[in-house]
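Ready for a few exercises on reading a protein model? Take a look at the picture first, then work through the tasks one at a time.

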Amino acid sequence: MLQTLVEFQRTIYLALADQIKLLSAGGGWVAFLAFLPMGVLFGAAHALTPGHSKAVLATYLAGSDAKVSRGLLVSLTLSFTHVTIAVLIAAFSLPLVSIALGSVGRAPLLEDVSRGLLGLIGIWMLWRALSHGHHHKHEGEAVGIMAGLIPCPLTLFVMTFAISRGVPLAGILFAVTMMAGVALTLSCVAVLSILFRERLVHFFDSRPRLFDIISRSIEGIAGLILAGVAVWQISAR
């Protein structure tokens, strides 16, 4: 499955490279604009591969009381941040990319900042579960921004290639369609996580005290997982 996704992405990326080369050689935009919808498939397939904070998103939403609309907003925020950070890195720091990136397609400093902030969210969730604290209205969006600080590596590749060929607009347009694809996959993860939690809520409707205990336990476990994963990933780098 993973190999199929990788090959699918490679096929689209090579076709995109050809389109950008044609543009840089003076070709028209009509063919490139017709190719753009492939970016949605590219982003959706890319988001299915390991990474992209799917586990963070699912863990947070399973331990929160967010509804589907809020979960979709969190996934959209994560997708927007994830892709936009990569675009900004490529657009404003291209001469420094080879220095700033620890290895191809990575930004270690941003990754550590993202994981550190998510660890703090995890500790906050754990404290709230133990102290019967209340959820803050915009906490979900904050989680989306923090998780999205890790830049999308393929967006970095696309933007860097487009800029090096003198057609940065092509990279930006393709990044926008990629963002839509990433958002589609992450939105599915968000909805499934929330529906799973709501099924549990329905099952325990007649046992409010038991549900309260289980609900706080889930939130506490989610907080521990977020904090633990953050510490492990930062220390292992």
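**Exercise 1. How many helices and how many strands does the protein chain have?**

Before you start: this is a predicted model, where local features need pLDDT of at least 70, side-chain atom pairs count only at pLDDT 80 or more, and totals for chains, interfaces and linings use all residues. Residues are numbered from 1 along each chain as its sequence is written, and side-chain values use heavy atoms, leaving out hydrogens and water.

Step 1: Pin down the terms. Helices (H or I, at least four residues) and strands (E, at least two) are DSSP runs, numbered from the N terminus.
Step 2: Count them. You get 11 helices and 0 strands in the protein chain.

**Exercise 2. Which residues of helix H4 are buried?**

Step 1: Get the cut-offs straight. Buried means under 20% relative accessible area, exposed means over 50%, and partly exposed is in between (1.4 Å probe, protein chains only).
Step 2: Go through H4, residues 54–63. Lys 54, Val 56, Leu 57, Thr 59, Tyr 60, Leu 61 and Gly 63 are the buried ones.
Step 3: Put that in proportion. With 7 of its 10 residues buried, H4 is mostly covered. Over the whole protein chain, 44% of the 237 residues are buried.

**Exercise 3. Sort two residues of helix H10: is each one buried or partly exposed?**

Step 1: Find them. Ile 172 lies in H10, and Ser 187 is there too.
Step 2: Classify Ile 172. It counts as partly exposed because its relative accessibility is 37%.
Step 3: Classify Ser 187. Its relative accessibility is 12%, so Ser 187 counts as buried.
Step 4: See what Ser 187 touches. Setting aside neighbours within four places in sequence, Ser 187 is in contact (heavy atoms within 4.5 Å) with Leu 72, Ser 75 and Leu 76.

**Exercise 4. What does the UniProt record say about residues 169–196?**

Step 1: Check the record. The unreviewed UniProt entry annotates residues 169–196 as one of its "transmembrane region" stretches; such annotations may be inferred rather than shown by experiment.
Step 2: Compare with the model. The span is 100% helix and 0% strand, and its end C-alpha atoms lie 41 Å apart.
Step 3: Try another annotated span, residues 142–163. Here you find 82% helix and 0% strand, with the end C-alpha atoms 31 Å apart.
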